[in-house]
Amino acid sequence: MDFHPTEEQAAAADLAARIFRDLATHERLAAAGTGSDGELWKALTAAGLTAAVEEIGLLGLVLLLEEQGRTTAQVPYAATCAYGILPIAAHGSAEQRARLLPALGSGEAVATGAFPARGRITASPDGRLTGTAPVVPWLRDATHVLLPDADRVLWLVRTDTPGVGTPEVETTAPWSAGRLTLAGAEAERLGDGRACEEVLATARTAFAGLQAGVCSGSLARAVAYTSTREQFGRPLSTNQGVMLRAADAYMDTEAIRVTAYEAAWRIDEGLPAREHALTAAWWASEAGKRVVHAGQHLHGGMGADLDHPVHRHFLWGRQLDAYLGCGSELLAELGALLSDHAAPEGDDA
């Protein structure tokens, strides 16, 4: 395994860090609310950071999503890449790639995904979808939604297609969400029977990378605050309890990062990675929750202020905790997968 980024990946991550740092300021984030920042989205696509994902791969995307997570930037970057560019590049036909990838890369089109499949979507023989996906992130901005049907076949549907309804729903997420309703909506199939599992593994890895950035940003804010906030004549950071809490959060953040890197590297190399993606997602869920709680706790009373920047990290971390399966669900799925691998051939037990 080699997690060292290539020159292209490192350059893309440095550029993303500068753009997010310059534009995803506290004031702009507060003004955006649960909506996306159009100016930031244009800056990212104009810099080629969306289209570049096809070239720099999933590990490169994880590096870029870390930078987004550090600032909790309000753009549908993770969704468009994880549910649009990478799945279409990997599983789309030549015609689909030629038609869809340029628009997604330029920002003209925005993708999202109805994962996990908590609703029930059925497909007719002629490719028309019926059913409901209860909560779909960034649906307000999306032009395309990737979703699995009841048979785990992947479909791509345009949000402006007749038979598609996208009423907004209120959630505690810091980004917009909607309820996708389909009533005989025309859709196009993407990939073969293996595509669904591979896309889910890719998405779990990508959002684990995003969670690593969210946690890193939360911890950095806590370190800065406790290093300057004094109590009884000395900085809070000199208290042993504070140092131990921050150290635990650091180790958890590194565990999220390294498992996401490993899963992304394996997927890029074409190696089996379903267990590794589940492992990364489990760390993002369980450890991510601990880190953002620690970040808020170390801010003391300031952490309870809904307008404080650290609270945004708390909201992102808690939403990403259960987005693609909470810790217990992921652990159960991983256990079943490992059990299947360990069972002797022909053993139904």
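Buried residues account for 52% of the 349 residues in this chain. What you have in front of you is a predicted model, and it holds 11 helices and 10 strands. With a radius of gyration of 20 Å, close to the 20 Å that the globule rule gives for 349 residues, the chain is as compact as a globular protein of that length. Here is a friendly tour, from the overall build down to single residues.

**Overall build**

- Taken along the principal axes, the box filled by the C-alpha atoms is roughly 75 × 55 × 40 Å.
- If you count contacts between residues at least 6 apart in sequence, 75% of them join residues at least 24 apart.
- The chain exposes about 15,500 Å², and 54% of that area is supplied by carbon and sulfur atoms.
- On the charge side, there are 28 positive and 44 negative side chains. The centres of these two sets lie 5 Å apart.

**Salt bridges**

- The structure holds 19 salt bridges, and a few of them are worth a visit.
- Glu168 pairs with Arg140, and their closest N and O atoms are 3.0 Å apart. Glu168 sits in the loop between β6 (164-165) and β7 (177-186), while Arg140 sits in the loop between β3 (128-137) and β4 (144-148), so this salt bridge ties together parts that are 28 residues apart in sequence.
- Arg140 has a relative accessible area of 41%, which makes this residue partly exposed.
- Glu197 and Arg274 also meet through their side chains, with an N to O distance of 3.5 Å in the salt bridge. This pair links distant parts of the chain, with Glu197 in helix α7 (residues 195-228) and Arg274 in helix α9 (residues 274-297), 77 residues apart.
- Both ends of that link count as partly exposed: Glu197 has 38% relative accessibility and Arg274 has 31%.
- Asp192 forms a salt bridge with Arg194, where the closest N and O atoms are 3.2 Å apart. Asp192 is partly exposed at a relative accessible area of 34%, whereas Arg194 is exposed at 56%.
- Beyond these pairs, there is a network of salt bridges that links Glu66, Glu67, Arg70, Glu254 and Arg257.

**A buried arginine without a partner**

- Arg266 belongs to helix α8 (residues 240-268).
- This arginine is buried yet has no salt bridge. Its nearest side chain of opposite charge is Glu262, at 5.1 Å; a salt bridge would need a side-chain nitrogen within 4 Å of a carboxyl oxygen.
- Once neighbours within four places in sequence are left aside, the contacts of Arg266 are Leu271, Pro272, Ala273 and His276.

**A buried glycine in helix α11**

- Gly327 is part of helix α11, which spans residues 327-342.
- With a relative accessibility of 4%, Gly327 counts as buried.
- Its C-alpha atom is separated by 5.6 Å from that of Ser285, a residue 42 places away along the chain.
- Leaving aside neighbours within four places in sequence, Gly327 is in contact with Trp282, Ser285 and Glu286.

**Backbone features to look at**

- As background, most residues other than glycine have a negative phi, and most peptide bonds are trans.
- Phe115 and Pro116 are joined by a cis peptide bond, with omega at about -10°. Pro116 has its place in the loop between β1 (111-113) and β2 (121-123).
- Thr72 has a positive phi, near 50°. This threonine lies in the loop between α4 (53-71) and α5 (77-91), and at 1% relative accessibility Thr72 counts as buried.
- Trp138 has a positive phi as well, near 60°. Trp138 is located in the loop between β3 and β4, and its relative accessible area of 6% makes Trp138 buried.
- The loop between β3 and β4 therefore gives you two residues to inspect: Arg140, with its salt bridge partner Glu168, and Trp138.

Conventions
Residues are numbered from 1 along each chain as its sequence is written. This is a predicted model: local features need pLDDT of at least 70, side-chain atom pairs count only at pLDDT 80 or more; totals for chains, interfaces and linings use all residues. Side-chain values use heavy atoms; hydrogens and water are left out. Helices (H or I, at least four residues) and strands (E, at least two) are DSSP runs, numbered from the N terminus. The radius of gyration is taken over C-alpha atoms; the globule rule is 2.2 Å times the number of residues to the power 0.38. Buried means under 20% relative accessible area, exposed over 50%, partly exposed in between (1.4 Å probe, protein chains only). Contact means heavy atoms within 4.5 Å. Accessible areas come from the Shrake-Rupley method with a 1.4 Å probe; for residues, only the protein chains shown count as cover. Lys and Arg count as positive and Asp and Glu as negative; His and the chain ends are not counted. The place of a charge is taken as NZ of Lys, CZ of Arg, CG of Asp or CD of Glu.
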